[in-house]
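Work through the exercises below with the sequence and the model open side by side. Each task is followed by a solution in steps.

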Amino acid sequence: MLKSTTDRYGAIAVTMHWLTAIFLLVALVSGFRAGNIVEPVAKVALLRVHIPAAIMVLLLTVCRIVWWWLFDRKPLPVQGAPSWQEWLARAVHLAFYVVILGMIASGVGIIALSGAAQAIFGAGTELPNFHLYPPRLPHGLGANLLLALLSAHIGAALFHQFVRSDRLLQRMWYRR
């Protein structure tokens, strides 16, 4: 089914979830590596991966928001889960959206203020020192916050799958 039911996510939501996860991991890994590398050619190569991956995360996040607002409803909470867990799950998901949008805004700010687009996607000019630009601080903090949210999200999914044994992961996979 394309749309979600009361107990499972639909194929569209599942596809957007896993594609977002892949592109988010690519953006995080390439971003952390680019932030810790000195050699300009290697940094440019990583940023040429980082920026398109981040753009895909943005597009998928906007699509997910529109999908949930206009076209689909999320499944009911896992049966037997305490209300605080459901509240925390909603808070983590909302935080993902807010932090992702903030990361995109700060990333665009860094590129716009530094003029780095020409060096990354054009030819010839030298990369600026990104640490000189104010959006760099929230971008770095946001990346660490995304890692924390991702850890909480994965930890909760594994807890439900293996400790509670309520088959939560099957809800976010394709039907057979």
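In the charge count used here, Lys and Arg are positive and Asp and Glu negative, while His and the chain ends are left out. The model is predicted.

**Exercise 1. Overall description**

Task: State how many helices and strands the protein has, and describe its extent, burial and charge.

Solution.
Step 1. The protein has six helices and zero strands, so the order of elements from the N terminus reads α-α-α-α-α-α by the DSSP runs that define them.
Step 2. Along the principal axes, the C-alpha atoms occupy a box of roughly 55 × 30 × 25 Å.
Step 3. Of the 176 residues, 36% are buried. The exposed area is about 10,800 Å², and 71% of it comes from carbon and sulfur atoms.
Step 4. Among contacts with a separation of 6 or more, 73% join residues 24 or more positions apart.
Step 5. There are 15 positive and 6 negative side chains, and 5 Å separates the centres of the two sets.

**Exercise 2. Aromatic pairs**

Task: Find how many aromatic pairs the structure holds, and work out which parts of the chain are linked by Tyr9 and Trp68.

Solution.
Step 1. The structure holds four aromatic pairs.
Step 2. One of them is formed by Tyr9 and Trp68, with 5.9 Å from centre to centre and 75° between the planes. An angle over 60 degrees counts as edge-to-face, and the pair is of that kind.
Step 3. Tyr9 sits in the segment before helix 1 (11–35) and Trp68 in helix 2 (residues 40–71), so by these DSSP-based assignments the pair links distant parts of the chain, 59 residues apart.
Step 4. Tyr9 and Trp68 are both buried.
Step 5. Trp18 and Trp173 also form an edge-to-face pair, at 5.9 Å centre to centre and 75° between the planes. Because Trp18 lies in helix 1 and Trp173 in the segment after helix 6 (168–171), this pair ties together parts 155 residues apart in sequence.
Step 6. Trp18 counts as partly exposed because its relative accessibility is 31%. Trp173 also counts as partly exposed, at 46%.
Step 7. Trp18 and Trp173 belong to a cluster with Tyr174, linked by ring pairs.

**Exercise 3. The nonpolar cores**

Task: Identify which helix gives the most residues to the largest nonpolar core, and place Leu146 within the fold.

Solution.
Step 1. The largest nonpolar core has 12 residues, including Leu24, Leu28, Val57, Phe96, Val99 and Leu146.
Step 2. At least two residues of this core come from each of helix 1, helix 3 (83–114) and helix 5. Helix 3 gives the most, with five residues.
Step 3. Leu146 lies in helix 5. Its relative accessibility is 3%, so Leu146 counts as buried.
Step 4. Beyond four places in sequence, Leu146 touches Leu24, Leu28, Phe96, Val99, Ile100 and Met103. Leu146 and Val99 are 47 residues apart in sequence, yet their C-alpha atoms are 6.9 Å apart.
Step 5. Leu28, with neighbours within four places set aside, is in contact with Ala143, Leu146, Leu147 and Leu150.
Step 6. A second, separate core has 11 residues, among them Val44, Ile110, Ile120 and Leu127.
Step 7. As background, nonpolar side chains tend to be buried together in soluble globular proteins.

**Exercise 4. Three individual residues**

Task: Decide whether Gln85 is buried or exposed, describe the surroundings of Ala11, and state what is notable about phi of Ser165.

Solution.
Step 1. Gln85 is in helix 3. With a relative accessibility of 16%, Gln85 falls under the 20% cut-off and therefore counts as buried.
Step 2. Leaving out neighbours within four places in sequence, Gln85 contacts Phe159, His160 and Arg164.
Step 3. Ala11 belongs to helix 1 and counts as partly exposed because its relative accessibility is 24%.
Step 4. Residues up to four places away aside, Ala11 touches Met1, Leu2 and Tyr174. From Ala11 to Leu146 the C-alpha distance is 25 Å, with their positions 135 residues apart in sequence.
Step 5. Ser165 is in the loop between helix 5 (136–163) and helix 6. Its phi is near 50°, a positive value in a residue other than glycine.
Step 6. For reference, most residues other than glycine have a negative phi.

Note on methods:
Residues are numbered from 1 along each chain as its sequence is written. This is a predicted model: local features need pLDDT of at least 70, side-chain atom pairs count only at pLDDT 80 or more; totals for chains, interfaces and linings use all residues. Side-chain values use heavy atoms; hydrogens and water are left out. Helices (H or I, at least four residues) and strands (E, at least two) are DSSP runs, numbered from the N terminus. Buried means under 20% relative accessible area, exposed over 50%, partly exposed in between (1.4 Å probe, protein chains only). Contact means heavy atoms within 4.5 Å. Accessible areas come from the Shrake-Rupley method with a 1.4 Å probe; for residues, only the protein chains shown count as cover. The place of a charge is taken as NZ of Lys, CZ of Arg, CG of Asp or CD of Glu. Rings of Phe, Tyr and Trp (its six-membered ring) pair if their centres lie within 6.5 Å; planes under 30 degrees apart count as stacked, over 60 as edge-to-face and the rest as tilted. A nonpolar core is a set of buried Ala, Val, Leu, Ile, Met, Phe, Trp, Tyr and Cys residues joined through side-chain atoms within 4.5 Å.
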